[in-house]
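Me: I'm new to reading protein models and I'd like a close look at one part, the place where the aromatic rings meet. Could you walk me through that spot and show me how it sits in the rest of the chain?

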Amino acid sequence: MKYILMMNCPRTGYDTFGSWPKEDIQAHIGFMIGFDKTLRASGELISAEGLASPHEAKRVRAGKDGAPITDGIFPETKEFLAGYWIVEVETPEQAYAIAARASAAPGQGGAPMNMEIEVRQVMAGPPEELLQ
């Protein structure tokens, strides 16, 4: 089964992270690189990406003529997707254990961040009863 593990951060998360001491940022990035290498070596990692700052993001929708209409980030957004992993494991519990390891990434001063990681199964397709 495939699962997506999504790491969210508060609206101020990117700015806060950027204000950490350089050594703390390097420790966090080093942890993430090592974490990904471990998952890749075990065969569990399908994909993993960190995302650019939400300040660079655009929301896009189709206009009446189908042309894209873009808008910036809306100020009422409370949190942003900061990055994700897609893993392939045998049980949901394995995905939860991987998420817990990611959650414990070092934060400021080296303390575990214990950030919330959302875990959702990646569907292989729509339910059979909905296919024509």
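Reply: Let's get our bearings before zooming in. Read along the sequence, the protein chain goes β-α-α-β-β-β-β-α-β, which gives three helices and six strands. Helices (H or I, at least four residues) and strands (E, at least two) are DSSP runs, numbered from the N terminus.

Keep in mind that this is a predicted model, where local features need pLDDT of at least 70 and side-chain atom pairs count only at pLDDT 80 or more, while totals for chains, interfaces and linings use all residues. Residues are numbered from 1 along each chain as its sequence is written, and side-chain values use heavy atoms, with hydrogens and water left out.

How confident is the predictor? pLDDT is its confidence in each residue, from 0 to 100. The mean for the protein chain is 91, and 97% of its residues reach 70 or more. Among the elements, helix H1 (residues 13-18) has the lowest mean, 81, and helix H3 (residues 92-103) has the highest, 98.

Now for the rings. Searching the whole structure turns up three aromatic pairs. Rings of Phe, Tyr and Trp (its six-membered ring) pair if their centres lie within 6.5 Å; planes under 30 degrees apart count as stacked, over 60 as edge-to-face and the rest as tilted. For Phe35 and Trp85, the ring centres are 5.6 Å apart and the planes meet at 90°, so this pair is edge-to-face. Phe35 belongs to helix H2 (residues 22-42) and Trp85 to strand E5 (residues 79-88), so the pair ties together parts that are 50 residues apart in sequence. Add Phe31, and ring pairs link Phe31, Phe35 and Trp85 into a cluster.

Are Phe35 and Trp85 buried or exposed? Both are buried. Buried means under 20% relative accessible area, exposed over 50%, and partly exposed in between (1.4 Å probe, protein chains only). Over the whole protein chain, 29% of the 132 residues count as buried.

That link across the sequence fits into a wider picture. Among contacts in the protein chain with a separation of 6 or more, 74% are between residues 24 or more positions apart. Contact here means heavy atoms within 4.5 Å.

Strand E5 gives you another example. Pro10, in strand E1 (residues 2-10), has its C-alpha atom 4.2 Å from that of Glu79, although the two are 69 residues apart along the chain. Leaving aside neighbours within four places in sequence, Pro10 is in contact with Lys78, Glu79 and Phe80. Pro10 has a relative accessible area of 48%, so it's partly exposed.

For one last stop, go to helix H3, where you'll find Ser103. Ser103 has 11% relative accessibility, so it counts as buried. Not counting residues up to four places away in sequence, Ser103 touches Met113, Asn114, Met115 and Ile117. Asn114 sits in the loop between H3 and strand E6 (117-121), and its relative accessible area of 56% makes it exposed. Its phi is near 50°, a positive value in a residue other than glycine.

Finally, step back to see the whole thing: the C-alpha atoms of the protein chain fill a box of roughly 50 × 40 × 20 Å, taken along the principal axes.

Notes: pLDDT = per-residue confidence, 0-100.
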